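Here is a quick briefing to read with the model open beside you. Take the topics in order, or jump to the one you care about.

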Amino acid sequence: MTLPSTRAQTETLGVVLLLMITLAGTGLIVALGSSVLDDSKRAAELDSAEHAMTQLDSKASLVGIGETDIQRVNLGVGNDGQPLTRTQDGWMRVEVDPDDGAAVEVMNQTLGAVVYRNDQTTIAYQGGGVWRRTGEGSTMVSPPEFHYRETTLTLPLIIVGGDGGLSPRLEVSKNGSAESKFPLAEPKKTNPLSEATVNITVGSDSYRAWGNFFEQRTGGEVEYDHSANAVTLTLVTPTKAPKIKQGLASTSPQELVIEGAGGSSFTDSYNSSIGPYSETEGSKGTVNTVGGVSLSGGAEIEGDLVTGGGIVKMQSANTAITGNLSYGGSTSLHKKATVGGWTADNGSVEQIDPIGSMIKNQAESVEANNDNGRSDAIDGRGLDPSKSAWTLTNGNYYVDDLGLNSGETLSLDLQNGDIDVVVDDDVMLNGGTIQVQNPDNGTANVYVLGDTVSVTNGADVSIPGDKSRAFRIYGPPGTSATVSGDDTEFVGVLYAPDSRSQYGDVSVTSHGEVYGAIVGGKTVLRSGGTVHYDQALVMTETLPADFTTVPRVTYMHVSTNRVNVTSA
């Protein structure tokens, strides 16, 4: 009997397997090739859509903020089966937040958009710019009409409206005249801006790209609210902080009082860049004040007096001004009172702005990131209560309060650079001592969030060579400051200007002495209280260098410009 051939079966099976492998490979190649072709086609479509939306951007700008009433454009997109739509998505809000009042809304406006969608990617014309978004990420294709140069912000916002569906051929037409939002002839909506923060918030699917644009274009502070798909740009108005050219500067319209009764109360000067007070004593102890001045009982200003208004009263024969008297209001001078220089009705004083926003920003920054943990002087958020002597070195520190009693000493060692201390409440030196060491290497800055600075009962703030520039206390508007008591000395700068609605006060009394300068509210020198102006301060910046580099805005021009985008 003859058996069937196994060779024939094997050959047949091999052919079948070879055909199956060939077909599978061909299918895989076709599938991969199809995917690559789809990706290439989609990329080309998106590139074309970006170019088309940029053309729409250009035409809309000509109509919205130019002189043209109508423009037409053929986008060449939409015929590929991908939808082109008009939406009412997105919004922008602009607010001016005064340092001493409620925020003023300048604009709160829906933006509208023309949107091209291709799979998971959208390209939108919105707010005068073009934005591309894929998933959670977004990028700017073309910038919006948002112009920031030096301290001027110009924002001619373009708003998209219209009716009906959209085809690739579009018509862009004006929808009314431009509407100015700022400046206006209304309270708190005028230029130049002062003592305020400007917040610009955008809500959009492309909010991340808006935020990147704000950061790159302005350098301002940008904060993201991811839960609301929104981003806020913050700009601040420039703070007027002129050089410290006087021993006393009162920002209050109330009368500045210097009374000699009970001891000689006076101002004079020295120059710590040459030597301490004992070696460089002089007569440049100028006093500047917004309001009037009352001198009595042997009070003496060894320097000039400059007033911006009010009455200058020299009420007794032994009162004296050794320099010039420049007044902005009127005078009432005792016939035997002495003015060593000229007297003229030509007084004016430089504006000095409050620094509440600076202190708040610094406090927020230091509270979030500080060096408390690396200092053995700090326990939690305060000086270690088990000690009576503490030393802080270069760094940033946040404490709940700063109180030093007799026998307690805080040393601030500037050997390795600046020291910043934020005090969440008041500064109370009741007989205690602050020693600033190595003053040529930096500055110790104390930022006070409370409303009281008290240096009394023999308290001593000392700096080698009386170099006052090395220690500064910055207080918010409304600060009440006192330097009082025998053997009480303060070397440094106390800087706490008033605002339009918050008024503080300064008193130097009972033989308390200040070496440096004071800038504050209603001021009284009485019973031997003296201020020795350090002329070296005029060579230093009034505010910390890192604060003066924050982006500023002085002039703002905001308008809404409506356009309709419809099928041509």
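**Ser206 and its surroundings**

Ser206 sits in the loop that runs between β13 and α2. Bear in mind that this is a predicted model. From that loop we can work outwards to a sheet, a helix and some aromatic rings, then move on to a pocket and to Tyr533.

- With a relative accessible area of 6%, Ser206 is buried, because buried means under 20%.
- Setting aside residues up to four places away in sequence, Ser206 touches Trp131, Arg133 and Ser138.

**The sheet and the helix across it**

- Look for an open sheet of 5 strands, ordered β2-β5-β6-β7-β8 and paired antiparallel.
- At the edges stand β2 (84-87) and β8 (137-142); each has a single partner strand, so one side of each is left without a neighbour in the sheet.
- From one strand to the next, the twist averages 25°.
- As background, strands in a sheet pair through backbone hydrogen bonds, and they can do this parallel or antiparallel.
- Strands β5 (residues 113-118) and β6 (residues 121-126) run antiparallel and are joined by 6 bridges.
- If you want a landmark there, Val114 stands opposite Tyr125 in β6.
- Helix α2 (residues 207-218) lies across β6, β7 (129-134) and β8, and runs at about 55° to β8.

**Aromatic pairs**

- The structure holds 12 aromatic pairs.
- In one of them, the ring centres of Trp131 and Trp210 are 4.5 Å apart and the planes are at 25°, so this pair is stacked.
- That stacked pair links distant parts of the chain, as Trp131 is in strand β7 and Trp210 is in helix α2, 79 residues apart.
- Both Trp131 and Trp210 are buried.
- Another pair is made by Tyr277 and Tyr515: their ring centres are 5.5 Å apart with planes at 75°, so they are edge-to-face.
- This pair also links distant parts of the chain, with Tyr277 in helix α3 (residues 277-280) and Tyr515 in strand β43 (residues 513-520), 238 residues apart.
- Tyr277 is buried, and Tyr515 is buried as well.
- Back at the helix, ring pairs link Trp131, Phe146, Trp210, Phe213 and Phe214 into a cluster.

**The largest pocket**

- The largest pocket has a volume of about 850 Å³.
- Its lining is made up of 34 residues, and Ser357, Met358, Lys360, Asn361 and Glu364 lie nearest the centre.
- The elements that give two or more residues to this lining are β3 (91-98), β13 (196-203), β14 (221-225), β15 (230-236), α4 (356-368), β36 (444-448) and α5 (545-548).
- Which element gives the most to the lining of the largest pocket? That is α4, with 9 residues.

**Tyr533**

- Tyr533 is found in strand β45 (residues 530-534).
- Its relative accessibility is 3%, so Tyr533 counts as buried.
- Not counting neighbours within four places in sequence, Tyr533 is in contact with a list of residues that includes Ile244, Lys245, Gln246 and Gly247.
- Also among the contacts of Tyr533 are Asp268, Ser269, Tyr270, Lys284 and Gly285, along with Gly516, Ala517 and Val538.
- For a sense of scale, Tyr533 and Leu193 are 340 residues apart in sequence, and 32 Å apart in space from C-alpha to C-alpha.

Technical notes: Residues are numbered from 1 along each chain as its sequence is written. This is a predicted model: local features need pLDDT of at least 70, side-chain atom pairs count only at pLDDT 80 or more; totals for chains, interfaces and linings use all residues. Side-chain values use heavy atoms; hydrogens and water are left out. Two strands pair if DSSP finds at least two bridges between them. Helices (H or I, at least four residues) and strands (E, at least two) are DSSP runs, numbered from the N terminus. Axes are lines fitted to C-alpha atoms, for helices over the stretch in contact, and angles run from 0 to 180 degrees between N-to-C directions. Contact means heavy atoms within 4.5 Å. Rings of Phe, Tyr and Trp (its six-membered ring) pair if their centres lie within 6.5 Å; planes under 30 degrees apart count as stacked, over 60 as edge-to-face and the rest as tilted. Buried means under 20% relative accessible area, exposed over 50%, partly exposed in between (1.4 Å probe, protein chains only). On a 1 Å grid over the protein atoms alone, a cavity is a set of points where a 1.4 Å probe fits but cannot get out, and a pocket is an open set with protein on both sides within 12 Å along at least five of seven lines; lining residues have an atom within 4 Å of a point. Grid points are joined across faces, edges and corners, and a volume is the space filled by probe spheres set on the points.
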